[in-house]
Amino acid sequence: MPLTAQQMTAFEKVGQGEESVQEFFPGEHRARPVMGAYTDSERMGLFSGGQDLGGSSGWYTDTRWGDLGDGTFANPILNGDYSDPDVIRVGRKYYMTCSEFHFMGMNILESDDMVNWKIIGRIFDRMDLDGYSGMDKYGNGSWAPALRYHDGKFWMYVCTPNEGLFMSTATDPAGPWSPLYQVKNVSGWEDPCPLWDEDGQAYIGRSQLGGGPIIIHKMSADGKTLLDNGRKVYEGPTAEGTKLFLKDGYYYISIPEGGVGTGWQTVMRSKNIYGPYEQKRVLEMGSTKVNGPHQGALVDTPEGEWWFYHFQSTEPQGRVVHLQPVTWKDGFPEMGTDYDKNGIGEPMKVCRKPSTGVETKAYAPQASDDFEAKELGLQWQFNHNPHDEYWSLTEKPGWLAIKSQKAEKLRTAFNQFTQKTMGYKGVVTVKIDFAQLTPGGRAGIECIGNKFVGGGIIMEDKDGTATPRLYMETDGTAKTTSFNISSVMNKGIYIRLEIDAVNNKHKFYYSVNNETFIEFGDTFESGSGDWKGSRIGLYSYNTQETSGTVYFDEFTYLFDGPGGLTSTQTK
């Protein structure tokens, strides 16, 4: 069925006061004046969701994000690397997925209020394609996906840059999902999106690697066969991220243009799916410092409101998710607020929450894990395909066991258990039983992205005696400390990583009692790499041979915003 929505109140800027403190007419979404200019370009990447209302001077470190607990929210709503998000509504529930590239695999998130999200399922756990069980497919894998609901089923389409177009379906978004089906074995395709017309005819839109053009194919009703070679309908500056939908008798194409960190959102419509299309730029950075506000999903509520999810490329978090209010005028969406009055929307920092009819306390996607469950928590994603015979949740009940496989360095180590870094400040702590680590073995907490940094235990061979020490490694270079921790070999040790994304300074600590923590290693920076933002994780590998096992327990990850971190929970 075509989507419909009612119009909503617009906003107007009044007076001539300083922009960052200026009042606004109430409007439908404006909650309060916002202190969030972030105008220092050198710091722009450190703050996601900043709002510079027209060239104000100075910068403000407004690190609020997510549900603020007072009927409003602050962007970003998800302050982690949920890159290329797609969101749909089914009934009164909202579902999200995103690109994961070489991480396994693509999760499904669910929300009742469009702001607070939890992970409920996973489309696949591995990609049984050449190379993905090794450690050399960085930047490959699942690029920008599309999520749709049709004929009583959930449908997901995704391209990998070298293997082609894939799809999967499920009757329950939590799974199980059907095995990935290769619709087309081809290289160079990206960012697909299906559409079923009112007469049942199926189409799929896509882009070409490198940013365009936009091409439309006819497709079989079951979504498994392309019926033609496609027709080009649009060519523009880095046109990608195709999203197709029907509204009021028009075919709409919503696309990001201009590149990941610098682009804008364009919406086009036509009475014919092959065009010609009239187009309008609907969201841009404008006078704000929210760079590249684009690529995402237009979603309506049962009450008739419209909202737009988009990402912003930040450092070190990666591509974080924002939510903007939408009104419709003359057949096109108006997003956010047009602060500079040029007819194009700009991102907002604080908005009232969508009218979904649901009230809930603020929460964030799952992070901590006590490893008591029979199955691994959905927050964990393997870096490349898992080697399942080398990890276990049952070998030592209540602990995660990682058998140390041979690898040259952390980047090439198998069975890295990773999850997205969330928020501006975070504290990661885990207990490690390293009694079975053998010489050459390394284990600990990792922080990976544009560099691979690990901190924890290294087992050295000193005159025939296995000697454990604290160590830190960066891109394969290990620095061993003078701390000999043989005395706690049978008790275990706690390793902690403190994350400060505002200043991009991170630090490792250790403790023997989980109360007093002592720093070790160097302070380091992190950033995006291989198309993904900074991540944390657990690892164990051996530079000499496949040997030894390390056990992890009491994994806690607290972060700011709705992540449970308080100012007293450090060190």
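Lys406 stands opposite Asn542 of strand β38, in a model that is predicted. Two bridges join strand β28, which spans residues 405-406, to β38, and these strands run parallel. The protein chain that holds them comes to 0 helices and 39 strands, and buried residues make up 62% of its 571 residues. Of the contacts in the chain between residues at least 6 apart in sequence, 59% join residues at least 24 apart.

**Strand β38 and its partners**

- Strand β38 covers residues 535-542 and is mostly covered, with 8 of its 8 residues buried.
- Burial extends to both faces of β38, since Arg535, Gly537, Tyr539 and Tyr541 are buried on one side, while Ile536, Leu538, Ser540 and Asn542 are buried on the other; Asn542, on the second of these sides, is the residue that Lys406 stands opposite.
- Strand β29, made of residues 417-420, runs antiparallel to β38 and is joined to it by 4 bridges, and within this pairing Thr418 has Gly537 as its bridge partner in β38.
- Strand β31, which takes in residues 441-448, also pairs with β38 in the antiparallel sense, over 8 bridges, and here the bridge partner of Ala443 in β38 is Ser540.

**Ser254 and its surroundings**

- Ser254 lies in strand β17, which covers residues 250-257, and this residue counts as buried because its relative accessible area is 3%, where the cut-off for burial is under 20%.
- The side chain of Ser254 makes a polar contact, at 2.8 Å, with the side chain of Gln265.
- When neighbours within four places in sequence are left aside, Ser254 is in contact with Gly241, Thr242, Lys243 and Phe245, and also with Gln265, Thr266 and Val267; Gln265 thus appears both in this list and as the partner in the polar contact between side chains.

**The second largest pocket**

- The second largest pocket has a volume of about 600 Å³, and of the 26 residues that line this pocket, the closest to its centre are Arg122, Ile123, Phe124, Asp125 and Arg126.
- Strand β7, residues 118-122, gives the most to the lining of the second largest pocket, contributing 3 residues.
- By class, the lining of the second largest pocket divides into 16 nonpolar, 3 polar and 7 charged residues.

**Cavities**

- The structure holds 3 cavities of 30 Å³ or more, and the largest cavity has a volume of about 90 Å³.
- The largest cavity is lined by Tyr82, Asn107, Ile119, Pro365, Gln366, Ala367, Gln379, Gln381, Gln419, Lys420, Met422 and Phe559, a lining that divides into 6 nonpolar, 5 polar and 1 charged.
- Among the residues lining the largest cavity are Gln419 and Lys420, which fall within the residue range 417-420 of strand β29, the strand joined to β38 by 4 bridges.
- The second largest cavity has a volume of about 50 Å³, and the residues that line this cavity are His102, Phe103, Tyr138, Ile448, Gly449, Phe452, Gly529, Asp530, Lys532 and Gly533.
- The lining of the second largest cavity has 4 nonpolar, 4 polar and 2 charged residues, and one of its lining residues, Ile448, falls within the range 441-448 of strand β31, which pairs with β38 over 8 bridges.

Conventions. Residues are numbered from 1 along each chain as its sequence is written. This is a predicted model: local features need pLDDT of at least 70, side-chain atom pairs count only at pLDDT 80 or more; totals for chains, interfaces and linings use all residues. Side-chain values use heavy atoms; hydrogens and water are left out. Buried means under 20% relative accessible area, exposed over 50%, partly exposed in between (1.4 Å probe, protein chains only). Two strands pair if DSSP finds at least two bridges between them. A polar contact is a pair of N or O atoms within 3.5 Å; within protein, one must be able to donate a hydrogen and the other to accept it, and residues adjacent in sequence count only if both atoms are side-chain atoms. Contact means heavy atoms within 4.5 Å. On a 1 Å grid over the protein atoms alone, a cavity is a set of points where a 1.4 Å probe fits but cannot get out, and a pocket is an open set with protein on both sides within 12 Å along at least five of seven lines; lining residues have an atom within 4 Å of a point. Grid points are joined across faces, edges and corners, and a volume is the space filled by probe spheres set on the points. Ala, Val, Leu, Ile, Met, Phe, Trp, Tyr, Cys and Pro count as nonpolar, Asp, Glu, Lys and Arg as charged, and the others, Gly among them, as polar.
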